[in-house]
Amino acid sequence: MRTAFIDQLVKEARINDKIFLLVGDLGYNVVEPFADEFPDRFRNVGIAEQNMAGVAAGLSMVGYNVYIYSIGNFSTLRCIEQIRNDIAYYKGNVKIVSVGAGYAYGSQGVSHHATEELGMMRSIPNIVVCSPCDPIEARCITMISANYDGPMYLRLGKAGEVVIHEQFVQDLNIGDILPVLKTDGTEKVILSSGSILGDALKSAKEKGVDIYSIPFVKPLNKCQMVDIANRYSDITILEENQKSCGVGSAIIEVISDLYCTGEIHRFPKIKRIAIEDQFYHLSGSQSYLRKQAGLVL
């Protein structure tokens, strides 16, 4: 995903001279194509993520569309105050990009596990929260972000993610939910977000259930949520994030509101598979830690 993101960002920067990239002393062998082609619009601010968020806010105030890029927790949790007060409050044109969602950096321990930041970011006003499932969605969302004036959070995988979509998703809009696998007659569906959708797809094919990707955790397309709630009586949500305030929470909130306003007339059975309220101090591969956390269908 990170390679797809940088590749698309380079393409966008060629036609938009206001795109600026800041990194926190990482991304070598990934960000070089951008740095080499646009040296005047690239800065490595060092291991100073809070300062990086402040610099991004300042650059946005003079007209730049700024991207800040670091490992999962470092571009988010470490500078959450600056994101809230300096970027989101002013609706700054800043895109916060984290690489290594969930347990992608599992071998580095809890300090590198990005398993709470999605919930924290979606609770801050004015921020669009994106969690692509594969390199295709990452490329599409990068294109959208380059043309969006305001704060966005892009939660990317690290590398080697399964390609889910066969081709570029045309006419993707903020909030859209994407069908991945649809069958006839089933009332069961899996909703998933991020690279763990690859695991969900295997299970969906075996069990004969439908599956949708949730590339935008905030906002969610309410019209599509109405269709899903009306069509399926049994919904399973799989995510690589803490259960509290995550993807499942966002979906349940929307469905509950739709039910209360009478826009849907039944409340489907909803099962959430997410990280329980604990840390996993073990080090290991992403797949190993997913199993330890019970992120299996």
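How far apart should the ends of the 14-residue helix α9 be, at 1.5 Å a residue? The expected span is 20 Å, and the end C-alpha atoms of α9 are 20 Å apart, so the two agree. This is a predicted model. The points below cover helix α9, the aromatic pairs around Phe-5, and two lysines placed over tyrosine rings.

**Helix α9**
- Helix α9 runs over residues 247-260.
- Its buried residues are Val-247, Gly-248, Ser-249, Ala-250, Ile-251, Val-254, Ile-255 and Leu-258.
- Cover for these buried residues includes the helices α5 (117-122) and α8 (222-231).
- Strands β8 (188-192), β10 (216-218), β11 (234-242) and β12 (269-275) are also among the covering elements.
- Gly-262, just after α9, has a positive phi of about 80°.

**Aromatic pairs**
- The whole structure holds 7 aromatic pairs.
- One of them joins Phe-5 and Tyr-67: the ring centres are 6.0 Å apart and the planes meet at 50°, so this pair is tilted.
- Phe-5 is in helix α1 (residues 2-15) and Tyr-67 is in strand β3 (residues 65-71), so the pair links parts 62 residues apart in sequence.
- Both Phe-5 and Tyr-67 are buried.
- Phe-5 also pairs with Tyr-69, stacked, at 6.0 Å centre to centre with 5° between the planes.
- Tyr-69 lies in strand β3 and Phe-5 in helix α1, so this pair ties together parts 64 residues apart in sequence.
- Tyr-69 is buried, as is Phe-5.
- Phe-5, Tyr-67 and Tyr-69 make up one aromatic cluster.

**Lysines over rings**
- Lys-18 lies over the face of Tyr-64, 5.3 Å from the ring centre.
- Lys-158 places its charged end over the ring of Tyr-105, 4.4 Å from the centre.

Note on methods
Residues numbered from 1 in each chain as written. Predicted model: local features only at pLDDT ≥ 70, side-chain atom pairs only at ≥ 80, totals over all residues. Heavy atoms only, no water. Helix = DSSP H or I, 4+ residues; strand = E, 2+ residues; numbered from the N terminus. Expected span 1.5 Å × (residues − 1). Buried < 20%, exposed > 50% of the residue type's maximum accessible area, 1.4 Å probe, protein only. Contact = heavy atoms within 4.5 Å. Phe/Tyr/Trp six-rings, centres within 6.5 Å; stacked < 30°, edge-to-face > 60°. Lys NZ or Arg CZ within 6 Å of the ring centre and 35° of its normal.
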